[in-house]
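Dear colleague,

Please find below the structure that I am handing over to you. My findings follow directly after it.

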Amino acid sequence: MKKTKIAFVGVGDISHTYLPNLTKKFDEIEVIGVCDLIRERAEWAVREFGIPKLYNDMYELFADPEVDIVLNITRPDEHYEVTKAALLAGKHVYSEKPLAATLEKGAELVELAKEKGLYLGGAPDTFLGGAIQTARKLIDAGEIGEIVSAAGFMKCRGHETWHPDPEFYYKRGGGPMMDMGPYYVTAFVNLLGSAVRVTSMTRNTYPERVITSKPKYGQVIHPTVPTHVAGLIEFESGAIATLLTSFDIYPMGSNNFIEIYGSKGAMIVPDPNNFGSPVKILRPSGEWEEIEPTFDYTWNARGVGLCDMAKAIETGRTPRAGYELTYHALEVMTALTTAGDLGRHIDIASRYNRTAPMVAGIPEGKLD
Ligand SMILES: NC(=O)c1ccc[n+]([C@@H]2O[C@H](COP(=O)([O-])OP(=O)(O)OC[C@H]3O[C@@H](n4cnc5c(N)ncnc54)[C@H](O)[C@@H]3O)[C@@H](O)[C@H]2O)c1
């Protein structure tokens, strides 16, 4: 069997999850090369994971005829430049979130991929995990009736406490909505369908943020994006969701990550930044039912969306985490980030037709 050949642009913090997953867990793909502006990082990946090729830069990688898909795991504001150059070189691209730092740039990438007949997809792929797939099946089966409303809460005091180089979280393409919003918006549109209109209020609470992680301990970041976004999303179905994403508040352990309220009950959906955990349903009688995931990928399977795209390329089907999804999510998130300043609702022009659910029971590491 011919394996799809993947090469990494970027070997930073999140590569520590992608590298073991893509080199060991998914046997229909093969990681053949890496590059990073910080060469030692790429050298480390080659050494630790037995990757055959180390490219001097991304252009050398794009020129390699062996590479089928480029995995772009650079920082948000770098996604556009890397993805564009890869598409221009004729490569399929799977990018970390968001698709691009602005809607205009995201639209340009989608047009370029269409023009070139290339696949373009990206993170998050947590919605392909056992938890959200199970929630989708239950909602589609009418277990909690017609969906009236939903709520999502992503609360934290910022990433400068743990990320080794956290400044990008506070610059264009960052902020809690563009960074963590993708998990929630992607889960919402996969559970409830397309979003059609949003509004929000936003603030930037701390003009100076001190890094407490190493090695940049003590350095100060000046955010240029809202760090607290309280949003409302209306869906085509008529359902309305509240979505709070914040880098400014302490989580307290209260609130569920996602709650869905239906005409015949309610549902707690586990953390959309993870893959597993049971779904809980509240019945009209007041009783709770806990439902274990009935789909695979309940571990931290980041990269499953990329492997799904590899399978889609091989078979000619639509990828589950393709640009219809990542562009729709980007439009919702950018609108939620700007609506507050504009003081009005913003209509969402794009639509997302939900792709096929995952198929349970296929051997681990393979896709349908
Ligand atoms: N860190 C996490 O926990 C996490 C989790 C989920 C998603 N993500 C996403 O993954 C992406 C990367 O995040 P990270 O935390 O790994 O960032 P990072 O800063 O740790 O790593 C990014 C790497 O990309 C490299 N890079 C940038 N431009 C390049 C280029 N043109 N050619 C080669 N290398 C280049 C940088 O040198 C750096 O090593 C972001 O989009 C982020 O939102 C991160």
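In this predicted model, strand β15 (residues 279–282) pairs with β14 in the antiparallel sense, and three bridges hold the pairing. Within it, Ala266 stands opposite Leu282 of β15. Strand β14 (residues 265–269) is also joined to strand β13 (residues 258–262), here by five bridges and again in an antiparallel run. In that pairing, Met267 of β14 is the residue opposite Ile260. Two residues lie between β13 and β14, and the two strands form a hairpin.

Elsewhere in the chain there is an open sheet of six strands with parallel pairing, and its order is β3-β2-β1-β4-β5-β6. The edges are taken by β3 (53–54) and β6 (120–122); each has a single partner strand, so one side of each is left without a neighbour in the sheet. At the β6 edge, strand β5 (residues 92–95) runs parallel to β6 and is joined to it by three bridges. One residue pair to look for there is Ser95 with its bridge partner in β6, Gly122.

Turning to the chain as a whole, the protein has 10 helices and 17 strands. Its radius of gyration is 20 Å, close to the 21 Å that the globule rule gives for 368 residues, so the chain is as compact as a globular protein of that length. The C-alpha trace spans about 60 × 50 × 35 Å along its principal axes. Of the 368 residues, 50% are buried. The contacts may be of interest as well: among those between residues at least 6 apart in sequence, 73% join residues at least 24 apart.

The model also contains a ligand. Which residues come nearest to it? Of the 22 residues around the ligand, these are Gly10, Gly12, Asp13, Thr74 and Glu96. Sorted by class, the shell around the ligand consists of 10 nonpolar, three polar and nine charged residues.

When you open the model, I would suggest beginning with the hairpin of β13 and β14, then moving to the open sheet of six strands, and finally viewing the shell around the ligand.

With kind regards

Methods. Residues are numbered from 1 along each chain as its sequence is written. This is a predicted model: local features need pLDDT of at least 70, side-chain atom pairs count only at pLDDT 80 or more; totals for chains, interfaces and linings use all residues. A residue is near a molecule or strand if its C-beta atom, placed from the backbone, lies within 6 Å of it. Ala, Val, Leu, Ile, Met, Phe, Trp, Tyr, Cys and Pro count as nonpolar, Asp, Glu, Lys and Arg as charged, and the others, Gly among them, as polar. Helices (H or I, at least four residues) and strands (E, at least two) are DSSP runs, numbered from the N terminus. The radius of gyration is taken over C-alpha atoms; the globule rule is 2.2 Å times the number of residues to the power 0.38. A residue is buried if 20 or more other C-beta atoms lie within 10 Å of its own, exposed if 12 or fewer, and partly exposed in between; C-beta atoms are placed from the backbone. Two residues are in contact if their C-beta atoms, placed from the backbone, lie within 7 Å. Two strands pair if DSSP finds at least two bridges between them.
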